[in-house]
Structure formats: C-alpha cells, structure tokens
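I opened the notebook to go through this structure one feature at a time. Pockets come first, then the metal, then the rest.

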Amino acid sequence: MSGDRECDLLIRGALVFDGSGGAPAVMDVAVADGRIVATGEGLTLAAGEVLEAGGLALAPGFIDVHTHDDMAVFDRKTILPKISQGITTVVTGNCGISLGPTPLLTRDAPVPPLDLIATAEEYRFDSFGAFLDAMRAAQPAVNVVPLVGHTVFRARRVADLTGPASADEVAAMKADLGAALAQGAAGLSTGLAYPPAKAATTGEILSLVRDVAAAGKLWTTHMRDERSGVVSAVAETIDIARRSGARTLISHHKCCGQAAFGLSRTTLAMIEEARADIPLDIDVYPYTASSTVLIEAFARDSRKVTISWSDPHPEMAGRDLDEVAAEWGVDQAAAIERLRPGGAIYHQMDDGDLERILAWPPSLVGSDGLPRDRRPHPRLWGSFPLVLGHYARDKGVLSQAQAVAKMTGQTAKVLGLADRGRIATGCAGDLVLFDPAKIRAVADYDNPQETSAGIARVYVNGQLTYVPDDGAGALAGQLL
Ligand SMILES: [Zn+2]
C-alpha cells in the first residue's frame with residue numbers, strides 16, 4: 001500500500017458467503033497487503049481499487065482438498081483448470097502418489113498409479129524438501145498444501161510390491177516419512193486400492209500413521225475397497241484412525257459397482273458414529289464416474305468405460321473401451337493389456353449414493369482431477385461449479401451456503417488452516433467473485449476441457465489471479 005490508501009481493494013455490495021455455512025449477506029470487504037482488513041456495511045476506506053459487486057456473490061477462495069496437481073502447480077497453464085473454478089488452494093500428493101521423494105531408487109519407471117501424475121524424468125526430486133524448494137522457486141498461482149504418498153515410499157523401499165513389507169522395509173519407509181514430515185509435508189496419503197499398496201497390512205499402515213499422528217499431521221486415504229467391500233474398508237480406516245490418533249480424511253468417498261449401490265447409508269452411519277470421538281472426515285467429487293489407471297476389475301463392473309490416455313495408443317483417448325476392443329477383435333481384458341500404460345473413466349456409481357454423500361453436512365468437496373490426462377474426466381475443470389450450480393441451485397441437494405462451506409471453512413478446519421476458508425478480518429485475501437444464478441460447469445464428458453461459467457474474478461492472497469478470457473494473472477500462491 002502507498003500514500004493515503006487504507007486498503008488495496010474494496011469490494012462493495014457483494015452477497016457474501018463467509019464460509020461458515022450461514023445465510024449470505026450483502027456487505028463490503030476490504031483487502032490490504034494480501035489480507036482481509038475489514039468487512040461490513042458501508043465501509044468508507046480509501047482504496048487503491050473499488051469494485052462494485054453489483055449482485056455478484058463473494059466467497060472465500062475454494063480449497064480443492066483432493067488433487068493430483070503436484071506437477072500442475074508448476075505452470076499457470078496447467079493450473080488453469082483449478083483457478084478458473086475459483087480454487088485458490090490445492091492439496092497435492094493424494095492417493096499415495098506424490099512427486100517427491102522420487103520413487104525411482106531401484107526402479108526405472110514409475111509403477112502405476114504413480115504414472116498418473118508424472119513421467120520418470122519428472123520424478124527427479126531426491127527428497128520431499130527438494131520438491132518443495134522447486135515449487136517455491138516456481139511461484140505457483142495457487143496456495144499448496146503438500147501431502148507425501150505411501151506408494152512412493154513402497155516403490156522406494158519394498159522389493160516385492162505384491163507382498164507385505166518386511167520389518168526392515170517398514171523401518172526404511174518410516175525414515176522416509178519422518179524426513180518428509182520434517183521437511184514440510186502436511187501429512188501422509190495412502191492408496192490401498194492400488195496394486196503396489198494393496199498388500200500393505202493394516203499393521204504397516206498403522207505404524208506409519210502413528211508417526212503422522214505424533215507429528216500432529218493429517219492422514220488421507222484412498223481406501224482398500226470402494227466397491228462391495230467398502231464397509232470393511234471404512235471399518236479398517238476407523239480402526240487405524242482410532243488406534244493411531246491421527247486426524248483422518250477418507251478420500252473421494254463412493255460406492256462403485258452395482259453390488260455396492262446403497263452402501264453409503266451404512267458407511268455414513270459408521271463414520272458419523274466414529275466422529276463422536278475421533279477426528280474423521282470425508283471428501284467427495286460430484287460425478288458418478290471415477291477415473292484412474294486402467295484396471296480390469298474396475299472396467300468389469302462399469303456401465304461404460306472411456307479411455308482417458310494410453311501411452312502405446314494415444315489416439316484412443318476419448319474412445320469407448322468396448323468399441324476399441326470390438327475393433328481389435330479382442331475381449332476387454334486384452335484391450336486393456338494393449339492400452340497400458342493408460343487410464344480410463346469408469347461409469348460405475350449411483351446418483352443416490354453421490355447425492356447422499358454430497359448432502360451429508362460434514363463432507364468436503366475435492367475434484368480428484370487428473371491434469372496429465374489427454375482426455376480428462378470433466379471433474380478436473382468442473383467440480384466446484386457443478387456443486388454450486390447443478391447440485392445446490394438447480395437440484396436443491398444442498399444449499400449454496402452449505403456448498404461454499406464444504407469448499408472453504410469446513411475444509412480449512414480439517415486442514416488446520418486457521419486463516420483461510422473464511423471471509424473475516426485477518427484472514428488471507430483468497431476470494432472468488434461469482435454469479436450465484438449463472439455459475440455452471442461447462443466441462444462435461446463430451447467436452448471435458450472447458451472453463452466454467454459464472455466465475456467473475458479470483459484473488460489469491462489479495463492478488464488478482466483469474467478473470468475469464470484473460471491470459472494474465474498474478475502468481476501469488478504460497479506453500480502452506
Ligand atoms: Zn484416489
């Protein structure tokens with residue numbers, strides 16, 4: 001700030017969703033030096049810029065609690081899918097997959113699903129701290145909360161990934177984890193549904209998660225089973241959470257495959273009961289299709305499978321798996337074998353479960369977007385506007401105020417970010433100005449790479465970061 005200014009930016013007459021979940025109210029918000037310095041009606045501070053909100057809504061910048069943006073944050077272009085939705089903070093390193101430390105100690109290539117986020121060349125950081133140093137130097141456009149992934153530790157330290165780790169291997173992983181936590185990891189993620197981590201015993205996970213708890217950090221988990229065995233996977237998660245004492249977040253909670261439809265009634269009841277005495281939360285993305293690497297079992301109980309990328313057959317991205325198999329004159333399994341390494345979009349969930357999980361008051365919103373995919377799942381570009389537009393405003397599954405809270409205040413609380421996720425004096429100037437009547441996801445399964453409608457301006461730490469149809473914008477993100 002300079003001269004007679006009392007603030008850098010004064011937004012006047014916005015319908016403010018403050019992130020608490022309470023009803024919105026029209027007020028003014030002043031920002032100076034990257035922070036909110038005043039809120040209220042009729043503020044008269046001398047401002048560098050005055051913005052008349054004129055019917056637009058103002059919310060805390062959205063926090064995408066579940067991302068695979070470890071590489072994407074390095075470049076404004078690859079983080080555009082997020083800032084164009086109003087997202088100002090991303091949690092990286094989910095599902096056991098993080099860019100640092102390198103998983104390639106004794107292996108030449110990243111074992112799937114580690115290939116979802118980076119190539120062998122991109123997995124170049126000797127330590128988690130080196131990854132964070134590079135990110136700081138690159139100056140990301142969004143704030144980053146970085147998790148470190150258990151599957152990376154397994155790839156580094158466990159000789160036979162199809163079996164449980166030996167005592168020595170567990171000790172080596174614990175040393176890696178201790179280093180990453182000391183260097184700035186916000187917590188540990190696990191991806192127990194994936195082959196390289198499936199064989200990890202409850203004891204192996206508990207041993208690592210106890211260290212996370214001792215450091216006062218977060219454990220997020222892509223559970224062992226999100227299909228017909230989802231109830232026992234939730235039970236295992238609650239058991240580890242209770243015995244370790246770690247703050248725990250179940251990632252992208254869902255029930256996949258017809259045999260699992262309706263089980264969210266049971267799982268939410270279990271989670272609700274556990275929440276009475278342990279810090280346990282869940283996040284969800286607002287789609288009935290999942291997306292990850294090509295896995296036969298996932299394809300088998302899907303209504304439809306769309307190829308999202310394939311190294312040997314890049315031209316097949318966007319094609320229907322069964323059509324490709326028919327063209328090749330092979331069965332689904334053989335087609336998958338030919339397409340690997342690759343990924344897919346699996347239509348395999350029920351609307352009833354999705355809406356139940358989304359409407360459940362404590363659930364948080366995360367995108368789980370895959371920024372490297374040639375033909376990505378639309379959740380990468382559209383998750384947050386889809387919740388605010390389709391699910392809140394149009395379908396009434398939840399209110400827009402509740403939706404905003406699931407993207408901001410509730411999330412900041414789970415992440416321990418005391419000065420984010422709310423519009424209040426002293427909080428960071430992460431803000432999104434949007435039209436509550438027009439906000440809408442434009443990206444869909446047919447056209448997945450479209451910016452959303454109804455987002456007017458996005459500020460990160462007080463700096464203007466995104467305006468539609470304008471390539472410019474600040475790089476003002478911080479490592480949190
Ligand atoms: Zn996952």
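**Entry 1: the largest pocket.** I began with open space. The largest pocket holds about 280 Å³. This is a predicted model, so I read every value here as computed. I then asked which residues sit closest to the centre of that pocket. They are Ala-193, Tyr-194, His-222, Glu-226 and Phe-298, out of 26 lining residues. Helix H5 (195-198), strand S13 (289-293) and helix H9 (296-300) are the elements that each give two or more residues to the lining. S13 gives the most, with three residues. By class I noted eleven nonpolar, seven polar and eight charged residues in the lining.

Where does the largest pocket lie with respect to the domains? Domain 2 (62-289 + 348-415) and domain 3 (290-347) both contribute lining residues, so the pocket lies between them.

**Entry 2: the zinc ion.** His-222 turned up near the pocket centre, among the closest residues. I met His-222 again at the metal. Which atoms coordinate the zinc ion? I found SG of Cys-95, ND1 of His-222 and NE2 of His-252, at 2.0 to 2.3 Å. The spacing of these donor residues in sequence reads C-x126-H-x29-H. Cys-95 lies in the loop between strand S7 (87-92) and helix H2 (128-138), and His-222 lies in strand S10 (residues 218-222), so the pair ties together parts that are 127 residues apart in sequence. I checked exposure for both: Cys-95 and His-222 are buried.

**Entry 3: backbone at Cys-95 and Asp-33.** I went through the phi angles next. Most residues other than glycine have a negative phi. Cys-95 has a positive one, near 60 degrees. Asp-33 also has a positive phi, about 50 degrees, and is not a glycine. Asp-33 sits in the loop between strand S2 (25-32) and strand S3 (35-40).

Are these two buried or exposed? Cys-95 has 2% relative accessibility; the limit for buried is under 20%, so Cys-95 counts as buried. Asp-33 has 56% relative accessibility; the limit for exposed is over 50%, so Asp-33 counts as exposed.

**Entry 4: cis peptide bonds.** Most peptide bonds are trans. I looked for cis ones. The bond joining Gly-100 and Pro-101 is cis, with omega about -10 degrees. Pro-101 is in the loop between S7 and H2. Cys-95 has its place in the loop between S7 and H2 too. The bond from Arg-340 to Pro-341 is also cis, with omega near -5 degrees. Pro-341 is in the loop between helix H11 (332-339) and strand S15 (342-347).

**Entry 5: closed cavities.** I searched the whole structure and got two cavities of 30 Å³ or more. The largest has a volume of about 70 Å³. His-252, a zinc donor, is one of its lining residues. The rest of that lining is His-253, Lys-254, Cys-255, Val-284, Tyr-285, Tyr-287, Met-349, Asp-353, Leu-354 and Ile-357. Which element gives the largest share of this lining? It is helix H12 (residues 351-359), with three residues. By class the lining has seven nonpolar, two polar and two charged residues.

The second largest cavity has a volume of about 40 Å³. Its lining includes Pro-60, Gly-61, Thr-88, Asp-419, Arg-420 and Asp-430. I noted three nonpolar, four polar and four charged residues there. Domain 1 (7-60 + 424-439 + 451-466) and domain 2 (62-289 + 348-415) each give at least three residues to this lining.

**Entry 6: the sheet.** I traced one open sheet of eight strands with parallel pairing. The order is S6-S7-S8-S9-S10-S11-S12-S16. Which strands are at the edges? They are strand S6 (62-64) and strand S16 (364-365), and each pairs on one side only. Strand S12 (residues 280-284) pairs with S16 in the parallel sense over two bridges. Val-284 stands opposite Val-365 in S16. Val-284 is also among the residues lining the largest cavity.

**Entry 7: the tail.** Last, I looked up Asp-469. Asp-469 lies in the segment after strand S19 (463-466). Its relative accessible area is 84%, so Asp-469 is exposed. I also took the C-alpha to C-alpha distance from Asp-469 to Val-37: 29 Å in space, with their positions 432 residues apart in sequence.

How values were computed. Residues are numbered from 1 along each chain as its sequence is written. This is a predicted model: local features need pLDDT of at least 70, side-chain atom pairs count only at pLDDT 80 or more; totals for chains, interfaces and linings use all residues. Side-chain values use heavy atoms; hydrogens and water are left out. Two strands pair if DSSP finds at least two bridges between them. Helices (H or I, at least four residues) and strands (E, at least two) are DSSP runs, numbered from the N terminus. On a 1 Å grid over the protein atoms alone, a cavity is a set of points where a 1.4 Å probe fits but cannot get out, and a pocket is an open set with protein on both sides within 12 Å along at least five of seven lines; lining residues have an atom within 4 Å of a point. Grid points are joined across faces, edges and corners, and a volume is the space filled by probe spheres set on the points. Ala, Val, Leu, Ile, Met, Phe, Trp, Tyr, Cys and Pro count as nonpolar, Asp, Glu, Lys and Arg as charged, and the others, Gly among them, as polar. Domain bounds come from an automatic or database domain assignment. Donors are N, O and S atoms within 2.8 Å of the metal (3.2 Å for Na, K and Ca); water is not among the atoms, so sites may look incomplete. Buried means under 20% relative accessible area, exposed over 50%, partly exposed in between (1.4 Å probe, protein chains only).
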